[in-house]
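Please look through the sequence and the model shown below before reading on. The paragraphs that follow go from one residue to its surroundings, then to the chain as a whole, and end with pairs of charged side chains.

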Amino acid sequence: MIKKLILPISLLIAITVSGQKKNDKDAIIDVAERLRLAMISGDKTSLEALILPELTYGHSGGHIDDAAEFVDKLVTKKSDFVTIDITNQNINIIGNTAIVRHHFYATTADLGKTPGDVTLDILLVWAKVKNDWKLLARQAVKSEKKK
């Protein structure tokens with residue numbers, strides 16, 4: 001009797017685990033898109049809903065913002081993204097951590113600066129808190145060309 005139950009239970013567990021990974025990947029795709037849109041809009045509430053207070057946000061030039069600086073720069077338009085195009089996104093989920101890499105091309109209109117273009121490669125680290133994915137870390141490096 002027990003032997004007859006082992007196979008169905010094993011299959012059920014495998015399907016459940018597989019489904020969780022797929023759902024997590026879909027959730028990461030969604031939260032990354034919401035971050036992209038929030039960075040363009042500069043909406044404080046949207047930005048704060050997507051990040052952890054411990055956020056470390058590394059710029060390609062070496063400066064590192066904390067959570068408050070990250071939000072403030074976007075809200076005040078000190079960093080103003082007019083467009084953001086993300087390509088070549090790769091998602092790797094390990095437990096409650098997701099590592100996302102993508103190519104980032106943006107047009108900017110930063111306060112007090114000439115409009116410009118930014119071409120970067122980005123590493124994002126998302127942490128699952130309860131059922132929500134929150135941005136814990138971001139690091140940008142300069143990229144040679146749009147991919």
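Is Thr107 buried, partly exposed or exposed, judged by its relative accessible area? In this model, which is predicted rather than determined by experiment, Thr107 has a relative accessible area of 22% and is therefore partly exposed, given that the buried class takes in residues under 20%. Thr107 belongs to strand 4, the stretch that covers residues 97-108. When its neighbours within four places in sequence are set aside, the residues in contact with Thr107 are Asp80, Phe81, Val82, Thr83, Gly116 and Asp117. With one of these, Thr83, the side chain of Thr107 makes a polar contact of 2.6 Å.

Another residue in that list, Asp80, can be followed from its own side. Asp80 lies in the loop between helix 3 (67-75) and strand 3, and 27 residues of sequence separate Thr107 from Asp80, while their C-alpha atoms are 8.6 Å apart in space. Asp80 has a relative accessibility of 16% and so counts as buried, whereas Thr107, at 22%, is partly exposed. Apart from neighbours within four places in sequence, Asp80 is in contact with Thr107, Thr108, Ala109 and Asp110.

The strands around these residues come next. Strand 3, which runs over residues 81-94, pairs with strand 4 in the antiparallel sense, and 11 bridges are found between the two. Ile94 has Thr97 of strand 4 as its bridge partner. The hairpin that strand 3 and strand 4 form has 2 residues between the strands, and in this hairpin Gly95 takes a positive phi near 60 degrees.

From here the view can widen to the protein chain as a whole. Its secondary structure consists of 3 helices and 6 strands, and these elements, read along the sequence, follow the pattern α-α-β-β-α-β-β-β-β. Of the 147 residues in the protein chain, 34% are buried. The chain exposes about 9100 Å² of surface, 58% of which is supplied by carbon and sulfur atoms. If one takes the contacts in the protein chain that have a separation of 6 or more, 51% of them are between residues 24 or more positions apart.

The last topic is the pairing of charged side chains. Side chains of opposite charge can pair when their charged atoms come close. How many salt bridges does the count come to? With a nitrogen-to-oxygen cut-off of 4 Å, the count comes to 5 salt bridges, and three of them are described here, beginning with the pair of Asp24 and Lys128. The side chains of Asp24 and Lys128 meet in a salt bridge with an N to O distance of 2.8 Å. This pair links distant parts of the chain, since Asp24 is in helix 1 (residues 2-41) and Lys128 is in strand 5 (residues 116-129), 104 residues apart. The two partners fall into separate accessibility classes: Asp24, at 11% relative accessibility, counts as buried, while Lys128, with a relative accessible area of 24%, is partly exposed.

A second salt bridge is found within helix 1, where Asp30 and Arg34 are 4 residues apart and are therefore separated by about one helical turn. The side chains of Asp30 and Arg34 meet at 3.2 Å, taken from N to O. Asp30 is partly exposed, with a relative accessible area of 40%, and Arg34 is likewise partly exposed, with a value of 42%. Arg34 can also be placed with respect to Ala49, which is 15 residues away along the chain, the C-alpha atoms of the two being separated by 10.0 Å.

The third pair, Arg36 and Glu33, is also in helix 1, and because its members are 3 residues apart they too are separated by about one helical turn. Their side chains form a salt bridge with an N to O distance of 2.7 Å. Are Arg36 and Glu33 buried or partly exposed? Arg36 has a relative accessibility of 17% and so counts as buried, whereas Glu33, at 34%, counts as partly exposed.

Technical notes:
Residues are numbered from 1 along each chain as its sequence is written. This is a predicted model: local features need pLDDT of at least 70, side-chain atom pairs count only at pLDDT 80 or more; totals for chains, interfaces and linings use all residues. Side-chain values use heavy atoms; hydrogens and water are left out. Buried means under 20% relative accessible area, exposed over 50%, partly exposed in between (1.4 Å probe, protein chains only). Contact means heavy atoms within 4.5 Å. Accessible areas come from the Shrake-Rupley method with a 1.4 Å probe; for residues, only the protein chains shown count as cover. A polar contact is a pair of N or O atoms within 3.5 Å; within protein, one must be able to donate a hydrogen and the other to accept it, and residues adjacent in sequence count only if both atoms are side-chain atoms. Two strands pair if DSSP finds at least two bridges between them.
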